[in-house]
Amino acid sequence: MNPSSAVMATRDQALSFSNNPFSQAHSFPFPSFKNGSFVLPINTQTRKPKPNTLFTASKRFQAITACLGERNLPAKALRQILELPGVHQGPACFDGLSAKLVERAGFQYCFTSGFSVSAARLGLPDTGFVSYGEMLDQGQQITEAVSIPVIGDGDNGYGNAMNVKRTVKGYIRAGFAGIILEDQVSPKACGHTKGRKVVSREEAVMKIRAAVDAREETGSDIVIVARTDSRQALSLEEALWRSRAFADAGADVLFIDALASREEMKAFCEVSPFVPKMANMLEGGGKTPILNPIELEEIGYKLVAYPLSLIGVSIRAMQDSLIALKGGRIPPPGSMPSFEEMKEILGFNDYYEEEKRYATRTYPVYSDRVSSSPYSIQRAQDDSEQRGQSPQDPVVEVITPDVYNNYRADGSRDPFSGIWSRTLRVRITGRDGFEKLDVRIPAGFLEGLTNIVPALGGVNIKELLDDAAEEVGGKLLLDFSDTMGDRIQVFLE
């Protein structure tokens, strides 16, 4: 492998590289070390220098070496994926959580979808409402949430060629590994909807050249995915011509949206055979036939996007849950993860473990914070636990008022005033039969009760106590199940 198609680094340089702050937060698969160095393959067949521009091998090597900077790690990882055999699936995400779920499912990369971001962030259709700033902000939240490379939807660059350059540079700073740029006029919309219009050939090609210039000006290696919507707007022949021109302009991946048949997909993959092709499997009724990954690989595709799966199932799941809640029920257990699973997905347990590193005597970290119970009680901790000794059983601390007015404004005695001599017992049993809470507090301390058990916030405890104030002995005041299926019982003792 010669220097023009690889980056070589010594073992010491590699260790220094892997210890920078970005690499600690974002881990990417690199080829194995060999003979004290590592090799990062670069696809030289998909990158072409600008015509009429002096771009020597020495300058190219310097540009590739500059790609070892922090911002280029995602692009490097994506380029390695493009070098791997087979077709590679990439679900489209729309926020940090959906991206995190894609990564946890084992996918090598993902896309952002303008359709999904417009829906999730604005609650509006993908008809040009979402702006460059909103897509950039959403994209940065997504790239920061995961370590896999993310290809960002750059729409039509949000203006002319100069706007395209600004968009590409912004997406590089946001941590994207790649950017999709299309040739629709403004306002643009989903390529599978009616009324698609595209800019002229010359403007479309010039925008891709502007994107390549922006990449080279920043010393970046971001992957440029050139998309054309001219298949539906004009013709298949026009779409194929534009794809060839995009490849000549320096695009790394080619993408024709809304191809209408398997034959059209084959014709597309025969264009510029050394440049990877991307397929868009629009779920639920798009114009392009839905093919499985094996079929797509046989045709000649390298990347495949699934733009609507995550946002689509999210919409249906929320609709079903709202119907259940409106009917007085909660979603069935099988339709949603447990509280423990949600905490694990969102990183609560990792957070608590790391938080222990910074615990002080002023702000101790309690191990019981990782409990799956949503009922939170402040626990006292003696000095023995701070010294590393075995802690005693936790004690519930309740602060009661120093002075309580036993009389009304007119001087008559309030029956409720005597309730401070009584005790409320709150018992919570999980739907699995195990006891989650059993605590006693002064019956007059109602505010503290609702703080401990938020489910009692809508219950008029005072009225129940008024009715039972004169009764002697214990009495069951409440017995019900909350929305999580836990049984809550309140006794007056």
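Mentor: Two strands count as paired if DSSP finds at least two bridges between them, and the strands (E, at least two residues) and helices (H or I, at least four) are themselves DSSP runs numbered from the N terminus. The model is predicted, so that local features need pLDDT of at least 70 and side-chain atom pairs count only at pLDDT 80 or more, while totals for chains, interfaces and linings use all residues. Residues are numbered from 1 along each chain as its sequence is written, and side-chain values use heavy atoms, with hydrogens and water left out.

Trainee: How many bridges join strand 11 to strand 14?

Mentor: Strand 11 covers residues 423-429 and strand 14 covers residues 487-492. Within this pairing, Thr 429 stands opposite Arg 487 of strand 14. The two strands run antiparallel, and the number of bridges that join them is six.

Trainee: Which strands stand at the edges of the open sheet of four strands?

Mentor: The sheet has the order 12-11-14-13, with antiparallel pairing. An edge strand has a single partner strand, so one side of it is left without a neighbour in the sheet. This applies to residues 435-442 and residues 475-481, which are strand 12 and strand 13.

Trainee: What is the average twist from one strand of that sheet to the next?

Mentor: The angles are taken between N-to-C directions and run from 0 to 180 degrees, with axes as lines fitted to C-alpha atoms, for helices over the stretch in contact. From one strand to the next, the twist averages 10°.

Trainee: Within what arc do the buried residues of helix 19 fall?

Mentor: Helix 19 spans residues 461-468, and its buried residues (under 20% relative accessible area; exposed is over 50%, partly exposed in between, with a 1.4 Å probe and protein chains only) are Ile 461, Leu 465 and Ala 468. Viewed down the axis of helix 19, these residues line one face of the helix, since the arc that holds them is 70°. That arc is taken over the directions from the helix axis to the C-beta atoms, and for helix 19 its value is 70°.

Trainee: How many residues apart along the chain are Arg 79 and Asp 252?

Mentor: These two side chains meet in a salt bridge at 3.3 Å, N to O, a salt bridge being a side-chain nitrogen of Lys or Arg within 4 Å of a carboxyl oxygen of Asp or Glu. Arg 79 lies in helix 4 (residues 73-83), whereas Asp 252 is in the loop between helix 11 (236-249) and strand 8 (253-256). Both residues are buried. The pair thus links distant parts of the chain, with a separation in residues of 173.

Trainee: What separates the closest N and O atoms of Glu 238 and Arg 201?

Mentor: Glu 238 is buried, since its relative accessible area is 11%, whereas Arg 201 counts as partly exposed at 31%. The two form a salt bridge, and their closest N and O atoms are separated by 2.9 Å. This pair too links distant parts of the chain, from helix 11 to helix 9 (residues 201-217), and the distance asked for is 2.9 Å.

Trainee: Is Leu 97 buried or partly exposed?

Mentor: Leu 97 belongs to helix 5, residues 96-104. Its C-alpha atom is separated by 7.6 Å from that of Ala 145, which is 48 residues apart along the chain. With a relative accessible area of 41%, Leu 97 is partly exposed.
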